Amino acid sequence: MKKLSFAAIAVIALLTTACSKNENMEVISQDAQMANTTRSLGDKTPKLAVYIETDEVNPLNAGEYYFCGTKPKGYVVDYTILSASSIRGTASNVQLYHNMNQTYILNHANELIRPLQDKGIKVLLGLVGDHTGMGFANLTSAQIESFAQQLANCVMTYGLDGVDFDDEYAEYGRISGTPSPSGTNFSRLIQALRIRMPNKLITAFYYGFACDFSQNAKDILDYMWTDFGVSNAPTGFSNNKWARLSIHYTYGTPSISTIQSVSKAYASYGAIMMFNLRNYDASEAMNNFAPYVWGGKTVCWAGIAWPKNY
């Protein structure tokens, strides 16, 4: 997603096909919260999804935005994506990896995830490639089943609300013996994961082979976010699951005038995506769209900047 790559590390196998262990890396505790209940969705539309770069920013910062004047506070962010864990593998195996920051967050879910969920914010595991030649779009049938199970196990074990796919940094073609990458293969992974996570969120950044999802995959996805800027939903994908507006907060993309213009005619779209939320006040940026898409409501910041203390 036009962001820095992540140094991926392995984690311990929690269930038969759960996250893998790397002896040189921090291991996720098996004593983590064993919650598997997804919080009910609110009726606010469009939803606001924000990516948190966990290597740099404490995810709790996503919970400090509320609609001004609401008592009790009506929180603005609906989905927080922990960016990012990764897929690694060879021609014969595939593994879900977390770097040390993701490991710490999952291992301390009660402190860094539950407070968001208690505010009604759903927390998703962000996923990217990791420069090994293995990605979401070139898995064998057996690898699809394995990776889908690893993802489902981790979501269940740590009480997450779903996963988000960003088909970048895989570097397809680096290893021989893998299927040719395709939207068809990626779609099969989505389908296999949905079987294992019928009541969890599955979302995707509209990039790479996510642009070639099958109709079945489109039907079972919960949301997709456009590449940064503004675009119409892909053929066969419902507007009420599409983020037509996708904002790169730190790059200032798209322009304020574009955000305001698009937001004034946003009634049929289901989401807005905001990438790289930081630990300082972003309410001004949110108010470029908030009053137009949420009936005149404005966004306030609680004034709490959570430091990265892990």
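Helices and strands here are DSSP runs, numbered from the N terminus. The model is predicted.

**Exercise 1. Find where His131 sits, then say what is unusual about its backbone.**

Step 1. Place the residue. His131 is in the loop between S5 and helix H4 (141–157).

Step 2. Read phi. For His131 the angle is near 65°, a positive value in a residue that is not glycine.

Step 3. Set this against the general rule. Most residues other than glycine have a negative phi.

Step 4. Check the accessibility. His131 has a relative accessible area of 23%. Buried means under 20% and exposed over 50%. His131 is therefore partly exposed.

**Exercise 2. Decide whether Asn276 is buried or exposed, and give its phi.**

Step 1. Locate Asn276. The loop between strand S11 (271–275) and helix H8 (283–286) holds this residue.

Step 2. Read phi. Asn276 is not a glycine, yet its phi is positive, at about 70°.

Step 3. Apply the cut-off. The relative accessibility of Asn276 is 9%, so Asn276 counts as buried.

**Exercise 3. Inspect the peptide bonds Thr45–Pro46 and Ser83–Ala84, and place Pro46 and Ala84.**

Step 1. Recall the usual case. Most peptide bonds are trans.

Step 2. Take Thr45 and Pro46. A cis peptide bond joins them, with omega about 0°. Pro46 belongs to the segment before strand S1 (47–53).

Step 3. Take Ser83 and Ala84. Their peptide bond is also cis, with omega about 0°. Ala84 lies in strand S3.

**Exercise 4. Work out which strands pair with S3, and in which sense.**

Step 1. Start with S1. S1 and S3 run parallel and share five bridges. For a concrete pair, look at Val50, whose bridge partner in S3 is Thr80.

Step 2. Go on to S5. Seven bridges join S3 and S5, again in the parallel sense. Ser86 has Val128 as its bridge partner in S5.

Step 3. Turn to strand S4 (residues 94–97). S3 and S4 run antiparallel, with four bridges between them. Ile87 is bridged to Leu96 of S4.

Step 4. Trace the connection. S3 leads to S4 through a hairpin of four residues.

Step 5. Ask how covered S3 is. Ten of its eleven residues are buried, so S3 is mostly covered.

**Exercise 5. List the buried residues of helix H1 (residues 100–107) and name elements that cover them.**

Step 1. Pick out the buried residues. In H1 they are Asn101, Gln102, Thr103, Ile105 and Leu106.

Step 2. Look for the cover. It includes strand S3 (79–89), helix H2 (109–112) and strand S5 (122–129).

Step 3. Examine the start of H1. There, a side-chain oxygen of Asn99 comes to within 3.1 Å of the backbone nitrogen of Asn101.

**Exercise 6. Find the disulfide, give its hand, and say why it ties together parts apart in sequence.**

Step 1. Count. The structure holds one disulfide.

Step 2. Identify the partners. Cys68 and Cys300 are joined, with S to S at 2.0 Å.

Step 3. Read the torsion. About the S-S bond of Cys68 and Cys300 the torsion is about 110°, so the disulfide is right-handed.

Step 4. Place both ends. Cys68 lies in the loop between strand S2 (65–67) and S3, and Cys300 in strand S12 (residues 299–301). The pair therefore ties together parts that are 232 residues apart in sequence.

Step 5. Check accessibility. Cys68, at 28% relative accessibility, counts as partly exposed. Cys300, at 23%, also counts as partly exposed.

Step 6. Look at one more cysteine. Cys211 has a relative accessible area of 31% and is partly exposed.

**Exercise 7. Describe the surroundings of Tyr292.**

Step 1. Place Tyr292. This residue lies in helix H9 (residues 290–293).

Step 2. Find its contacts. Leaving out residues up to four places away in sequence, Tyr292 touches Gln260, Ser263 and Lys264.

Step 3. Set sequence beside space. Tyr292 and Lys264 are 28 residues apart in sequence, and their C-alpha atoms are 5.3 Å apart.

Step 4. Judge the exposure. The relative accessibility of Tyr292 is 37%, so Tyr292 counts as partly exposed.

Note on methods: Residues numbered from 1 in each chain as written. Predicted model: local features only at pLDDT ≥ 70, side-chain atom pairs only at ≥ 80, totals over all residues. Heavy atoms only, no water. Buried < 20%, exposed > 50% of the residue type's maximum accessible area, 1.4 Å probe, protein only. Helix = DSSP H or I, 4+ residues; strand = E, 2+ residues; numbered from the N terminus. Contact = heavy atoms within 4.5 Å. Polar contact = N/O pair within 3.5 Å; in protein donor to acceptor, adjacent residues only side chain to side chain. Pairing = 2+ DSSP bridges. Disulfide = S-S within 2.5 Å.
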